[in-house]
Amino acid sequence: MPWLIKSTPEKEVPLSEHLFFVHVPRCGGTSLMQHFSVPQKVIDSRGPLGRLAMKYFFLRYKTLEKANFPIKTRENAFCTALLLIALAAYSTNAIPYTLFGINVSVYVGGLSMFISFFTTIICTAPVIGRITPVHRWYLWFVHYPLFRLCEAIDWCTGTNKHGYIMHLTAPKLLGYGYVTPHQMDNMCSLAIVRNPYSRMVSIYGYNRFGKGETFKMFVRRWKKLMTPYLLRGEKEEWYTPCHLLPMFEFTHSNGKQLVQSVVKQEELKFLKTKEGGDKLRQEDSTVTNLPPLVRDALLGMPHTNRRATSKKWFDYYDQETMDLAYQMYHTDFQVFGYDAAIPQRPDLVPPTMDRRNILGATKFHHFSRNSCMGPDNLRISNADLFRSVTKEERCKMILRSSTTALRSSIVTLDKAEILASVAGIRHISILKEDSTEMDASSARENKKDD
């Protein structure tokens with residue numbers, strides 16, 4: 001998710017008053033982007049082609065929030081009109097021109113049907129997010145053939161070969177140079193999380209192939225799609241689409257919290273009323289002691305992309321789906337303090353972690369509503385942590401882009417890595433200004449050691 005508050009050519013804002021939102025998918029943050037008019041700010045800052053591309057990107061993003069396979073769209077209205085014109089022209093022979101012996105109106109009609117099929121079926125969240133060849137084609141297509149027109153790195157939104165920029169994890173944002181360690185250490189950053197069981201139902205609603213795909217069928221397939229992450233820890237978009245990743249991957253790295261403030265979606269209601277404020281002071285709530293900038297951003301936050309469902313989220317579960325959801329996202333329960341049980345469903349037995357997962361969860365610090373605040377209520381620096389994460393992420397990128405890695409992939413016939421290299425996904429595209437900062441930082445450290 002993008003910068004909510006930052007400096008612009010028209011207005012200079014101190015870095016300490018910049019607000020960045022790390023958007024965990026399906027946790028209720030899209031409305032924040034709209035609330036701060038980010039789409040319009042991005043569109044206004046682009047050139048003619050970029051403005052057109054970003055305007056369509058945001059329009060498409062909004063459309064897919066409402067329907068998995070949208071039919072009532074501007075694209076389909078245009079294609080229907082174009083098809084009717086083509087049919088009329090063909091029947092009256094109004095266009096006498098031919099190409100390879102076929103009337104041009106036939107090509108126009110075919111093109112209109114292709115565009116309609118592409119925008120209604122192919123270019124949708126379920127197909128792009130769940131059919132791996134289509135997903136990988138999409139990453140390549142938006143970055144190279146579309147000349148990166150749909151990315152807005154200065155606002156951290158849009159899309160390119162790394163995936164949806166507004167859904168990048170905090171470590172990736174640092175590694176790609178979209179956010180520098182200096183910025184991360186001085187700005188306010190925010191992330192919203194939610195009950196993993198509830199999030200799983202939201203993921204289902206957004207990514208299912210249709211009403212015929214039951215929740216149980218979906219969860220089984222979702223876990224299979226998550227195999228690269230579960231077996232090898234793959235977090236790159238090439239292997240693991242952002243909706244598959246657990247929430248802690250967006251906010252933490254090696255057990256340490258990178259995002260300054262992590263807030264539970266279930267407790268945002270306490271920020272809407274004075275009575276809620278009194279209640280949160282009596283509870284250990286994530287919205288107590290928030291930085292003023294974060295608190296003001298969340299006050300009265302609208303929820304404009306809610307989808308109507310026929311039943312409550314907890315009614316979707318049976319014992320199998322509950323166990324599968326816990327297996328996929330067990331660390332989220334530990335890190336963010338969620339109960340493995342579903343109180344509304346006493347008929348279901350709460351899952352338990354195996355010994356290996358328990359040991360893995362012990363490295364995580366409990367999440368904080370203000371991780372940058374020291375015991376004396378003064379902001380403490382985490383610059384070393386952010387630099388360390390940045391270097392670690394870039395080492396991974398350099399290793400995967402190396403000739404040695406490609407040679408190894410060819411020897412082992414790793415088709416996914418070979419294709420990634422050929423498609424240019426492994427080409428390193430780090431922002432130059434951030435690379436300079438890292439080089440200067442390394443030089444300072446080396447000089448200090450000497």
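Reader: By class, which residues make up the lining of the second largest cavity?
Author: This is a predicted model in which local features need pLDDT of at least 70 and side-chain atom pairs count only at pLDDT 80 or more, while totals for chains, interfaces and linings use all residues. Residues are numbered from 1 along each chain as its sequence is written, and side-chain values use heavy atoms, with hydrogens and water left out. Gly129, Arg130, Ile131, Thr132, His135, Leu225, Tyr239 and Pro241 line the second largest cavity (a set of points on a 1 Å grid over the protein atoms alone where a 1.4 Å probe fits but cannot get out; lining residues have an atom within 4 Å of a point). By class, that lining has four nonpolar, three polar and one charged residues.

Reader: How much space lies in the largest cavity?
Author: The structure holds two cavities of 30 Å³ or more. Tyr164, His167, Leu168, Thr169, Lys172, Glu237, Cys242, Leu245 and Phe250 line the largest cavity, with five nonpolar, two polar and two charged residues by class. The second largest cavity holds about 40 Å³, and the largest about 50 Å³.

Reader: How many disulfides does the structure hold?
Author: A disulfide here is a pair of cysteine sulfur atoms within 2.5 Å. The structure holds zero.

Reader: Which cysteine has the sulfur nearest to that of Cys150?
Author: Cys150 is buried (under 20% relative accessible area, 1.4 Å probe, protein chains only), at 11%. Cys150 is in no disulfide, and 9.4 Å away lies the nearest cysteine sulfur, that of Cys123.

Reader: Why is Cys372 not bonded to Cys188, and how far away is the closest cysteine sulfur?
Author: Cys372 is also buried, with a relative accessible area of 2%. Its sulfur is too far from that of Cys188, the closest, for a bond, because the distance is 8.0 Å.

Methods. Buried means under 20% relative accessible area, exposed over 50%, partly exposed in between (1.4 Å probe, protein chains only). On a 1 Å grid over the protein atoms alone, a cavity is a set of points where a 1.4 Å probe fits but cannot get out, and a pocket is an open set with protein on both sides within 12 Å along at least five of seven lines; lining residues have an atom within 4 Å of a point. Grid points are joined across faces, edges and corners, and a volume is the space filled by probe spheres set on the points. Ala, Val, Leu, Ile, Met, Phe, Trp, Tyr, Cys and Pro count as nonpolar, Asp, Glu, Lys and Arg as charged, and the others, Gly among them, as polar.
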